[in-house]
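Subject: Structure handover

Hello,

Please find the structure below. My notes on what was found in it follow.

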Amino acid sequence: MNTLLSFWNGMPHELQGLVITTAEIIGVMVAVILSVAFLTLAERKVIGWMQVRLGPNQIRIFGLPILKGWAQPFADVIKLLMKEIIVPANADKVVFLAAPLVALVPALSTWAVVPFSPDFVLADIDAGLLYILALTSLGVYGVILAGWAANSKYALLGAMRSAAQIVAYEIAMGFALVGVLMAAGSLNLTDIVRAQAGGVVHWNGLLQFPLMLIYFIAGIAETNRAPFDVAEGESEIASGFHVEYSGATFATLFALPEYANMILVATLASVLFLGGWLSPFEGLVSSTALLARPSFLWLFVKILWFLFCFLWIRATFPRYRYDQIMRLGWKVFIPLTLVWIGVECVMAWYNFGPFARL
């Protein structure tokens with residue numbers, strides 16, 4: 001131990017900072033990947049509970065009887081990694097194999113600017129929200145490349161559906177965030193959280209509830225989740241853009257980016273509208289009380305709530321028709337967000353609501 005400490009103290013400060021940053025990045029990536037794995041288990045268990053069935057309950061960790069089904073995500077990963085990766089004969093092999101990486105890299109890179117607590121964020125940049133919007137928009141290229149490179153009409157149809165859907169709801173999502181930016185006066189996610197300090201009455205989710213609702217529904221559509229999963233309409237286009245993928249390429253194109261983006265949407269909704277790491281008891285109890293202290297645990301609870309809503313909606317609503325999805329995005333959400341931005345302009349002019357604090 002003393003040898004390691006001596007070696008560490010002898011390293012240049014720049015190299016120490018690089019090692020610490022690398023360790024933090026690896027820690028966040030491992031946490032996201034493990035969260036994706038257990039979210040797949042939670043989805044099957046929650047929906048099973050709603051449909052009065054058990055869900056996964058056989059595969060155990062170390063054979064412990066109290067952990068029935070908990071090893072199911074690891075069994076799924078091992079199964080996918082051991083499967084053969086089949087590339088169709090007429091596919092563009094380079095693009096076919098590169099598409100999963102194009103979809104995966106933006107889904108993981110966005111976590112660099114997410115503030116997990118008052119003291120921990122990988123990159124606290126001033127244009128953090130703009131960075132996230134830019135990277136999440138790149139994810140659609142992986143879907144389009146996957147559908148085109150497979151040289152399959154079903155994959156191409158699924159890719160085109162997904163591209164049109166993501167563009168429609170990306171605009172609504174961006175407009176929904178304009179209200180948050182106007183209230184906080186900053187693109188920095190940490191500053192947006194701090195602008196909501198003072199208790200629940202100051203959270204954007206209460207003051208801008210319509211925008212939070214539009215943002216969350218647009219996030220469901222952005223991640224191709226039910227009832228907006230027409231890009232993977234099994235009864236219509238044979239599983240959509242990833243129909244030709246198998247094994248590890250299927251996992252990196254479909255499972256990992258989709259569930260990682262679900263967690264990201266839930267995290268951003270918590271940060272932007274529910275105060276992030278801020279306590280809901282702030283202002284109700286003494287500022288020195290444990291319940292009033294800002295903590296990652298509050299952010300974690302809020303993320304769990306939004307993820308539960310993801311699963312709840314999937315178990316409740318049937319898949320919409322494609323024209324209904326397009327109508328909702330273009331003719332309902334975009335006009336509503338524009339109207340609400342106008343309302344916020346009036347509130348800002350009269351220093352009302354969240355603008356009274358600026």
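Asn-224 lies in the loop between H9 and H10. Please keep in mind that this is a predicted model. Asn-224 has a phi near 60°, which is a positive value in a residue other than glycine. Most residues other than glycine have a negative phi, and most peptide bonds are trans. Asn-224 comes just after H9, and with a relative accessibility of 6% it counts as buried, the cut-off being under 20%.

The loop between H9 and helix H10 (234-237) also holds Pro-227. The peptide bond that joins Ala-226 and Pro-227 is cis, with omega at about 5°.

Helix H9

H9 (209-222) is mostly covered, with 10 of its 14 residues buried. The buried positions are Leu-211, Met-212, Ile-214, Tyr-215, Phe-216, Ala-218, Gly-219, Ile-220, Ala-221 and Glu-222. The end C-alpha atoms of H9 are 20 Å apart, and this agrees with the 20 Å that 14 residues should span at 1.5 Å a residue.

The loop before H9

Gln-208 sits in the loop between helix H8 (204-207) and H9. Is Gln-208 buried or exposed? Its relative accessible area is 1%, so Gln-208 is buried. Not counting residues up to four places away in sequence, Gln-208 touches Gly-179, Val-180, Ala-183, Phe-273, Trp-340 and Glu-344. As for Leu-272, it is 64 residues from Gln-208 in sequence, while their C-alpha atoms are 10 Å apart in space.

Helix H13

H13 covers residues 322-349, 28 residues in all. From its first C-alpha to its last it reaches 40 Å, close to the 40 Å expected at 1.5 Å a residue. H13 nevertheless has a kink of about 30°, centred on Leu-328.

Which residues of H13 are buried? They are Ile-325, Met-326, Gly-329, Phe-333, Ile-334, Thr-337, Ile-341, Glu-344 and Met-347. These buried residues pack against two helices, H6 (153-184) and H9 (209-222). Glu-344, one of the buried residues of H13, is also among the residues that Gln-208 touches.

The axes of H6 and H13 come within 9 Å and cross at roughly 15°. An angle under 35 degrees counts as roughly parallel, so H6 is roughly parallel to H13. The crossing in which H6 passes H13 is left-handed. Just after H13, Asn-351 takes a positive phi of about 55°.

Helices H4 and H5

How do the axes of H4 and H5 lie, and at what angle do they cross? The axes of H4 (residues 93-109) and H5 (residues 128-149) come within 8 Å, and the crossing angle is roughly 160°. The angle is over 145 degrees, and H4 and H5 are therefore roughly antiparallel to each other. H4 passes H5 in a left-handed crossing. On the H4 side, the contact is made by Val-95, Phe-96, Ala-99, Val-102, Ala-103, Pro-106 and Ser-109. On the H5 side, it is made by Tyr-131, Leu-135, Leu-138, Gly-139, Tyr-141, Gly-142, Leu-145, Ala-146, Trp-148 and Ala-149.

The loop between H5 and H6

Asn-151 is placed in the loop between H5 and H6. Phi of Asn-151 is near 60°, again a positive value in a residue other than glycine. Is Asn-151 buried or exposed? At 53% relative accessibility, Asn-151 counts as exposed, the cut-off being over 50%. Leaving aside neighbours within four places in sequence, Asn-151 is in contact with Asn-90 and Ala-91. The C-alpha atoms of Asn-151 and Asp-92 are separated by 7.7 Å, and these two residues are 59 residues apart along the chain.

To put the two asparagines side by side: Asn-224 and Asn-151 each have a phi near 60°, but Asn-224 counts as buried, whereas Asn-151 counts as exposed.

Regards

Methods: Residues numbered from 1 in each chain as written. Predicted model: local features only at pLDDT ≥ 70, side-chain atom pairs only at ≥ 80, totals over all residues. Heavy atoms only, no water. Helix = DSSP H or I, 4+ residues; strand = E, 2+ residues; numbered from the N terminus. Expected span 1.5 Å × (residues − 1). Bend = angle between axes of the 7 residues up to and from the residue. Buried < 20%, exposed > 50% of the residue type's maximum accessible area, 1.4 Å probe, protein only. Contact = heavy atoms within 4.5 Å. Axes fitted to C-alpha atoms, helices over the stretch in contact; angles between N-to-C directions. Parallel < 35°, antiparallel > 145°, perpendicular 65-115°, else oblique. Left-handed = near helix turned anticlockwise from the far one by under 90°.
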